[in-house]
Amino acid sequence: MARKTINDAFGGQLTTLEEQRRIWADALHEDAIWEGPMFEKPVCVIGREATGRFFELLLSVVPRFTTAVVGFHPTSDPNTIIIESHGGGPTVDGGSYTQRYFSLVTTRDGQAFRMREYCNPFQTYKAFGKERWERAVDEIMAKYNKPWPASQAPDPITLPPLPQEARNG
């Protein structure tokens, strides 16, 4: 049987939690990292379970989430690509989620190893609710993040957090 990929979860078909977790076991490397540096509170989920739980959050709010690739750009590393895509779908709250993505994706052993995604956080906050989003992501990172794996190079760019007064306008 062919190995499942992330596209098996994000193809617009409803999947059960059990089906999603089987997909994550196939599609995500044990040391997978997903980064969302564009959010007010940058997101970094570390490890297969944390990354899978993060994707489950997306599918719990947008169960028929789909993506369409509009650009595929190779890099000097044959295991790393840049993907331009858009995605979304109806939310469980009766709204809709629409997003545009630029993603830097590295694979290892045929699995997603490191994903850094740039998108419009305001679209995410609109669909998920900013407080719900931040609470759920903080919980996932606190409960499921593994220590930074030795197999992953550290992020070469570290930005200091914004002071509280800057975040409050």
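This passage describes the strands, aromatic rings, cavity and a few single residues of one predicted model. Because the model is predicted, local features need pLDDT of at least 70 and side-chain atom pairs count only at pLDDT 80 or more, while totals for chains, interfaces and linings use all residues. Residues are numbered from 1 along each chain as its sequence is written, and side-chain values use heavy atoms, with hydrogens and water left out.

The strands make a good starting point. Helices (H or I, at least four residues) and strands (E, at least two) are DSSP runs, numbered from the N terminus, and two strands pair if DSSP finds at least two bridges between them. Strand β1 (residues 28–36) runs antiparallel to strand β2 (residues 43–46), and four bridges join them. One of the facing positions is G36, whose bridge partner in β2 is V43. The two strands form a hairpin, with six residues between them.

Further along the chain, β3 and strand β4 (residues 80–90) pair in the antiparallel sense over eight bridges. Here T66 stands opposite G88 in β4, and a hairpin of five residues joins β3 to β4. Strand β4 also pairs with β5, again in the antiparallel sense, over 11 bridges. In that pairing, H86 has R100 in β5 as its bridge partner. The hairpin of β4 and β5 has five residues between the strands, and G94 in the turn has a positive phi of about 90°. Strand β5 is joined in turn to strand β6 (residues 111–118) by seven bridges, and these two run antiparallel. T107 stands opposite A112 in β6.

The turn between β5 and β6 deserves a closer look. This hairpin has two residues between the strands, and D109 lies in the loop there. D109 has a positive phi of about 55° although it is not a glycine. For background, most residues other than glycine have a negative phi. D109 is exposed, because its relative accessible area is 60% (buried means under 20%, exposed over 50%, and partly exposed in between, with a 1.4 Å probe and protein chains only).

G71 offers a contrasting view from within a strand. G71 is found in strand β3 (residues 66–74) and counts as buried, because its relative accessibility is 10%. Leaving aside residues up to four places away in sequence, G71 touches I82, I83 and E84, where contact means heavy atoms within 4.5 Å. The C-alpha atoms of G71 and F102 are separated by 9.2 Å, and these residues are 31 apart along the chain. N7, in the segment before α1 (17–27), counts as exposed because its relative accessibility is 56%. The C-alpha atoms of N7 and C44, 37 residues apart along the chain, are separated by 21 Å.

Aromatic rings come next. Rings of Phe, Tyr and Trp (its six-membered ring) pair if their centres lie within 6.5 Å; planes under 30 degrees apart count as stacked, over 60 as edge-to-face and the rest as tilted. The structure holds 11 aromatic pairs. One of them, formed by F65 and Y101, is edge-to-face, with 6.4 Å centre to centre and 75° between the planes. This pair links distant parts of the chain, since F65 is in the loop between α2 (48–61) and β3 whereas Y101 is in strand β5 (residues 96–108), 36 residues apart. F65 counts as buried because its relative accessibility is 3%, and Y101 counts as buried because its value is 5%. Ring pairs also link residues into a cluster, with F65, Y101, F39, Y125 and W133 among them.

Finally, the model was searched for enclosed space. Rolling a probe the size of a water molecule over the atoms shows where empty space is left. On a 1 Å grid over the protein atoms alone, a cavity is a set of points where a 1.4 Å probe fits but cannot get out, and lining residues have an atom within 4 Å of a point. Grid points are joined across faces, edges and corners, and a volume is the space filled by probe spheres set on the points. The structure holds one cavity of 30 Å³ or more, and the largest cavity has a volume of about 50 Å³. Its lining includes F39, P42, V43, Y125 and W133. Helix α4 (residues 130–144) gives the most to this lining, with five residues. The lining divides into seven nonpolar, no polar and four charged residues, where Ala, Val, Leu, Ile, Met, Phe, Trp, Tyr, Cys and Pro count as nonpolar, Asp, Glu, Lys and Arg as charged, and the others, Gly among them, as polar.

Definitions and conventions: On a 1 Å grid over the protein atoms alone, a cavity is a set of points where a 1.4 Å probe fits but cannot get out, and a pocket is an open set with protein on both sides within 12 Å along at least five of seven lines; lining residues have an atom within 4 Å of a point.
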